[in-house]
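Trainee: Could you take me through one part of this structure closely, namely the paired strands and what surrounds them? I would like the cut-offs along the way, please.

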Amino acid sequence: AEYWLYKNYKAGKLPFIDLNSTLVDFNRSLTQEYNSTSANYEYVEQELLNTYLNLSINQNISKTGGRIFIDSDLGRLENLTEGTPVQYSSTIIRIGLQQQLYGFNPYKWNDKIQPVKYQQAKRELAESLAQISVKTVEYFFELAQARLEVEIATQNLKNADTLYKIGRERYKIASVS
């Protein structure tokens with residue numbers, strides 16, 4: 001998990017592309033407008049159809065906590081009630097810097113913390129692998145010792161059985177009381 005968190009941290013330092021869009025935004029409302037001929041306020045119905053698309057390329061700045069961006073956008077607005085022509089708006093290219101003047105800089109602290117956490121996770125992994133190796137060796141020798149004890153116990157059983165048979169035969173011939 002720490003490996004993937006570190007990969008995510010490294011990927012956050014790379015430039016990224018962002019696409020924002022509003023495919024369909026339909027707004028039907030009543031607005032209050034002043035009618036100069038009757039000198040009264042009247043409610044007028046509006047039906048607006050709005051579409052918006054923005055494409056940007058961003059790069060985070062870890063020293064300052066800001067972001068450099070290049071973006072372009074296109075918008076379309078159509079008033080369905082009045083039959084007015086469709087309006088388009090676009091920004092061909094915009095280059096900017098977005099920077100907080102006061103506040104916390106998460107990129108600066110991630111540059112300090114994430115490599116340390118990754119190195120600690122690598123050490124913990126190496127330690128866990130070493131502990132697994134030690135346990136495996138312990139289990140191997142415990143198994144070898146148990147097999148040896150089983151062989152010794154089997155041999156002792158055979159010897160005791162042989163001695164028992166010899167003792168029983170001697171008892172039958174009355175050489176042993």
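Mentor: Happy to; here is a walk along the strands, followed by the surface and the helix beside them.

This is a predicted model, in which local features need pLDDT of at least 70 and side-chain atom pairs count only at pLDDT 80 or more, while totals for chains, interfaces and linings use all residues. Residues are numbered from 1 along each chain as its sequence is written, and side-chain values use heavy atoms, with hydrogens and water left out.

Let us begin with confidence, since pLDDT is the predictor's confidence in each residue, from 0 to 100. The protein chain averages 90, and 98% of the residues score at least 70. Among the elements, strand 4 has the highest mean pLDDT (94) and helix 1 (residues 2-12) the lowest (88). Helices (H or I, at least four residues) and strands (E, at least two) are DSSP runs, numbered from the N terminus. As a general caution, where pLDDT is low, the predicted coordinates should not be read in detail.

Now to the pairing, which is assigned if DSSP finds at least two bridges between two strands. Strand 1 (16-35) and strand 2 are antiparallel and joined over 18 bridges. One of the facing pairs here is Tyr34 with Tyr41 in strand 2. The two strands form a hairpin with 4 residues between them, and Ala39 takes a positive phi near 60° there. Ala39 is not a glycine, and its place is in the loop between strand 1 and strand 2. With a relative accessibility of 46%, Ala39 is partly exposed; that class lies between buried, under 20% relative accessible area, and exposed, over 50% (1.4 Å probe, protein chains only).

Moving on, strand 2 (residues 40-60) runs antiparallel to strand 3 (residues 67-79), with 13 bridges between them. Asn50 has Leu77 of strand 3 as its bridge partner, and Thr51 has Arg76. This hairpin has 6 residues between its strands, and in the turn Gly65 shows a positive phi of about 85°. On its other side, strand 3 pairs with strand 4 (residues 87-98), again in the antiparallel sense, over 10 bridges. There, Gly75 stands opposite Ser89 of strand 4.

Arg76 deserves a second look. Besides its bridge to Thr51, its side chain meets that of Glu78 in a salt bridge at 3.0 Å, N to O. Arg76 is partly exposed, at 26% relative accessible area. A salt bridge here is a side-chain nitrogen of Lys or Arg within 4 Å of a carboxyl oxygen of Asp or Glu, and the count by this rule is 9.

The strands also carry a nonpolar surface patch of about 1200 Å², whose members include Leu19, Leu53, Leu74, Tyr88 and Ile95. Strands 1, 2, 3 and 4 each give two or more residues to the patch, and strand 4 gives the most, with 4. Ile95 belongs to strand 4 and is exposed at 63% relative accessibility. Patches are made of residues with over 30% relative accessible area and no salt bridge; like charges are joined within 9 Å, and nonpolar side chains (Val, Leu, Ile, Met, Phe, Trp, Tyr) within 5 Å. The accessible areas come from the Shrake-Rupley method with a 1.4 Å probe, and for residues only the protein chains shown count as cover.

Finally, the turn between strands 2 and 3 has a neighbour in Tyr107, which lies in helix 2. Outside the four places on either side of it in sequence, Tyr107 is in contact (heavy atoms within 4.5 Å) with Asn60, Ile61, Ser62, Gly65 and Gly66. The C-alpha atoms of Tyr107 and Ile61 are 7.5 Å apart, although 46 residues separate them along the chain. Tyr107 is partly exposed, with a relative accessible area of 28%.

Further along helix 2 (residues 106-172), Lys135 and Glu138 lie 3 residues apart, about one turn of the helix, and form a salt bridge with closest N and O atoms 3.8 Å apart. Both are partly exposed, Lys135 at 43% and Glu138 at 36%. Lys172 and Glu169 form another salt bridge, at 3.9 Å between the closest N and O atoms. They too are 3 residues apart in helix 2, about one helical turn; Glu169 is partly exposed at 44%, whereas Lys172 is exposed at 58%. Elsewhere, salt bridges with shared partners link Arg28, Glu45 and Glu47 into one network.
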